[in-house]
Amino acid sequence: MSSPFPAPLLDVELRPGRTPLLRVDPTGDAPGWADRHRDALRAVVAEHGAVLVRGLGLRDAGQTAAVFQRLGTGLMTEKEAFAPRQTYSDGVYSSAKWPANQPMCMHHELSYALDFPALMLFACLTAPTAGGATAVADSTAVIRALPADLVRRFEHEGWMLVRNYTEEIGASYAEAFGTADRGAIEAYCRANAIGFEWQPDGGLRTWQRRGAVVRHAVTGQPCWFNQIAFLNEWTMDPEVREYLVDLYGPDGLPFTTRFGGGAPVGEDIVGLLNQVYDANTVREPWQAGDLMLVDNVRMAHNREAFEGPREVLVGMTDAVRLTGPAPEQGGA
């Protein structure tokens, strides 16, 4: 909703290698502050791609949900999750459950889905003792730094995500689709351009082809918008990948990515993508009570490895419908 108050000017700190930072005075009414500063905060995100707000002192999930609701235009219910999350309330989730010693590399949230959030909201209730930052990387800088011929190929073909849902690794199909009913899952897949096949052991295999480059709705700039590197087998820890290949076979991995035409995305390409992300990454370590807003198209985000407890809540808002290549017909 729009605030009845004029948008105040915000003094954002811009520092090399660091996420834009806004320091605010403590308030006993974080939702009210968010409501009054909504337009100004969104203007900062439009200009810089992301901003971390420090000083609000967010304490719990209820307060965080109220802040998220005031900043967004309707919180989204996540579908097609790649890893389980705890649900705190409608549209408010924990960060994805992922081993603390394994980083989650740069990605754009739900960039493999037809409906994705334009704005990501994060709140840190408990900061880790070491590591664990949610860093960001400007996708307009990433696309400029990638080899032009590689970008052209992905622009032409798009990219493909192949998933094998199991009960052991990642989100089960019931968790990903919000139901265990096969008919409902098949209907969702058909409505969302996802190929699927049920396996003899009861598992589910899906594949979906999506655009790898999108134009920002406001600026019109081309953005490298996908999860090609993050959900690729070569981003996994080598020992984890070897274990999963031994367990499920090379075609049975929980997820991997391909070129849109079905050709493998090799280790060299994944390594290059992650190097370019690293060269364009900025970060600010979490402190308890922090709030962060991220333009999900302009900026990729990650989760760095960490030690100690870490509680970061996530909200997705400003839903957008993806346009791009249609899925390949037939199996993956």
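In the predicted model, strands β7 and β20 pair in the antiparallel sense. Their pairing extends over 10 bridges. At one point along it, Pro117 stands opposite Ala319 of β20. β7 also pairs with a further strand, β17, which spans residues 291–295. This pairing is antiparallel as well, and five bridges make it up. Here Met120 has Val294 of β17 as its bridge partner. β7 is mostly covered, with nine of its 12 residues buried.

β7 and β20 also contribute to a pocket. Each supplies at least two residues to the lining of the second largest pocket, as do α1 (30–48) and β13 (213–215). In sequence, β7 covers residues 115–126 and β20 covers residues 311–321. The volume of the second largest pocket is about 390 Å³. Its lining comprises 19 residues. Those closest to the centre are Ala118, His216, Ala217, Asp295 and Val297. By class, 12 of the lining residues are nonpolar, two are polar and five are charged.

The largest pocket holds about 590 Å³ of space. It is lined by 27 residues, of which Trp98, Gln102, Met236, Asp237 and Val240 are the closest to its centre. Three elements give two or more residues to this lining: β6 (104–107), α7 (238–248) and α8 (267–279). The greatest contribution is that of α7, which gives four residues. The lining of the largest pocket divides into 19 nonpolar, five polar and three charged residues.

Aromatic contacts were examined next. The structure holds 10 aromatic pairs. In one of them, the ring centres of Phe154 and Trp224 lie 5.6 Å apart. The planes of Phe154 and Trp224 meet at 80°, above the 60 degrees required, so the pair is edge-to-face. This contact links distant parts of the chain, 70 residues apart. Phe154 belongs to helix α4 (residues 148–157), whereas Trp224 belongs to strand β14 (residues 222–224). Both partners are enclosed. Phe154 counts as buried because its relative accessibility is 0%, under the 20% limit. Trp224 is likewise buried, with a relative accessible area of 0%.

A further edge-to-face pair is formed by Phe177 and Tyr188. Their ring centres are 5.5 Å apart, with 65° between the planes. Phe177 lies in helix α5 (residues 173–177) and Tyr188 in helix α6 (residues 182–191), so the contact ties together parts that are 11 residues apart in sequence. Phe177 is buried, and Tyr188 is buried too.

Aromatic residues also group beyond single pairs. Phe82, Trp98, Phe230 and Phe255 form one aromatic cluster. Trp98 of this cluster is also among the residues closest to the centre of the largest pocket.

Arginine side chains sit over aromatic rings at two sites described here. Arg153 lies over the face of Phe259, at 3.5 Å from the ring centre. Arg153 falls within helix α4 (residues 148–157), the helix that carries Phe154. Arg310 lies over the face of Phe306, at 5.7 Å from the ring centre.

Methods:
Residues numbered from 1 in each chain as written. Heavy atoms only, no water. 1 Å grid on protein atoms, 1.4 Å probe; cavity = no way out; pocket = protein on both sides within 12 Å on 5 of 7 lines; lining within 4 Å. Points joined across faces, edges and corners; volume = space filled by probe spheres on them. Nonpolar A, V, L, I, M, F, W, Y, C, P; charged D, E, K, R; others polar. Buried < 20%, exposed > 50% of the residue type's maximum accessible area, 1.4 Å probe, protein only. Pairing = 2+ DSSP bridges. Phe/Tyr/Trp six-rings, centres within 6.5 Å; stacked < 30°, edge-to-face > 60°. Lys NZ or Arg CZ within 6 Å of the ring centre and 35° of its normal.
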